[in-house]
Structure formats: structure tokens, C-alpha cells
Amino acid sequence: MRNDWVPASAALLVTGAMALTLASLLTPTGSGGSETLQLVRDNDNRWLAVSAIFFLASAMLILGLPSVLVLAPGPGRHVGMSAVVALAVGFIGIAGYAMLLVFLRALVVTDAIRDASIDAVTEEAGLRVFLYGWIVAFYL
């Protein structure tokens, strides 16, 4: 079996991890809903760039996962495959998070959401269930 693709896949894995770190460092954060809205209004281009970096990091990490399978030949191959599948689900979740950031930015830029309504949106039960479910699934 040829392993010519392993260096490229490993490079994508490392690049994706570094992009994920960069995006998390560049993400402007606020302590409350109105402060987050103000940050998005003031830094809408940065918010969009962070979303793009999160999405690219997710894609690179998914393309880098096959290099992890080389580390577990023989009997550990099934455990390695299940770990790769779990990581892929988490990385797809990161791409979904990037899309949520873009959607929030679009709502703020078009004035579809205002200071008082952001708190009501964050208290909505359906959003909370999916958000906490995603966080728990990512950590598991």
C-alpha cells in the first residue's frame, strides 16, 4: 500500500490546528448580549474573517484525519477508525459554528436584531438545547 498522501494529510492536520488556534485568538468576545452585538457592529469584517478561518480550519482538519489512521495499524485499527469518526463529527460541528457566526453577523449588520432582542434569542429553549448538545457532543 502506498503512503504518498500521508505527509500532505499530516500537513493539513497541523495547518488546521494552527488555523483553529488563530481563529479562537481573533474571536472578539463580550460578556453579555448587548456587548456582543456592539462587538459585531464594530468589527463586522473581523467577525467574517474569523468565521472563514473557523470553516477553513474545519475543512483542513477533516482532510488531515486520514494521517491519524497510519498511527494505529493492525489490531488498533478499529479503535483508530472510531476516533477518527468522532473527531470528524466534532470538526463538522466547528463548521456549523462558523456558519452560526456568519448568520449572527448578517442579523446584526442588517439591523434585524437589536440589543433587547439578543437576550431573548439567547434564552430561547430550542437554541439552548442544540447549543449545549453540541458542546457536550464536542467534549465527549
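At 8% relative accessibility, Phe-54 falls in the buried class, whereas Tyr-97, at 30% relative accessibility, counts as partly exposed. Both values were computed from a predicted model. The two residues belong to different helices, Phe-54 to helix H3 and Tyr-97 to helix H5.

By the distance rule applied to ring centres, the count of aromatic pairs comes to one. The rings concerned are those of Phe-54 and Tyr-97, whose centres are 5.4 Å apart and whose planes stand at 80 degrees, so that the pair is classed as edge-to-face, the cut-off for this class being over 60 degrees. Because Phe-54 is placed in H3 and Tyr-97 in H5, the pair ties together parts that are 43 residues apart in sequence.

The helices that carry these rings are H3, spanning residues 44–64, and H5, spanning residues 77–109, and their axes come within 8 Å and cross at roughly 165 degrees. That angle makes H3 roughly antiparallel to H5, since angles over 145 degrees are assigned to this class. The crossing of the two helices is left-handed.

On the H3 side, the residues in contact include Trp-47, Leu-48, Val-50, Phe-54, Phe-55, Leu-61 and Ile-62, together with Asp-44, Asn-45, Ser-51 and Ser-58. On the H5 side, the contact residues include Ala-88, Phe-91, Ile-92, Ile-94, Tyr-97, Leu-101, Leu-104, Arg-105 and Val-109. Taken over both helices, the residues of this contact divide into 18 nonpolar, three polar and two charged.

Terms used
Residues numbered from 1 in each chain as written. Predicted model: local features only at pLDDT ≥ 70, side-chain atom pairs only at ≥ 80, totals over all residues. Heavy atoms only, no water. Axes fitted to C-alpha atoms, helices over the stretch in contact; angles between N-to-C directions. Helix = DSSP H or I, 4+ residues; strand = E, 2+ residues; numbered from the N terminus. Parallel < 35°, antiparallel > 145°, perpendicular 65-115°, else oblique. Left-handed = near helix turned anticlockwise from the far one by under 90°. Contact = heavy atoms within 4.5 Å. Nonpolar A, V, L, I, M, F, W, Y, C, P; charged D, E, K, R; others polar. Phe/Tyr/Trp six-rings, centres within 6.5 Å; stacked < 30°, edge-to-face > 60°. Buried < 20%, exposed > 50% of the residue type's maximum accessible area, 1.4 Å probe, protein only.
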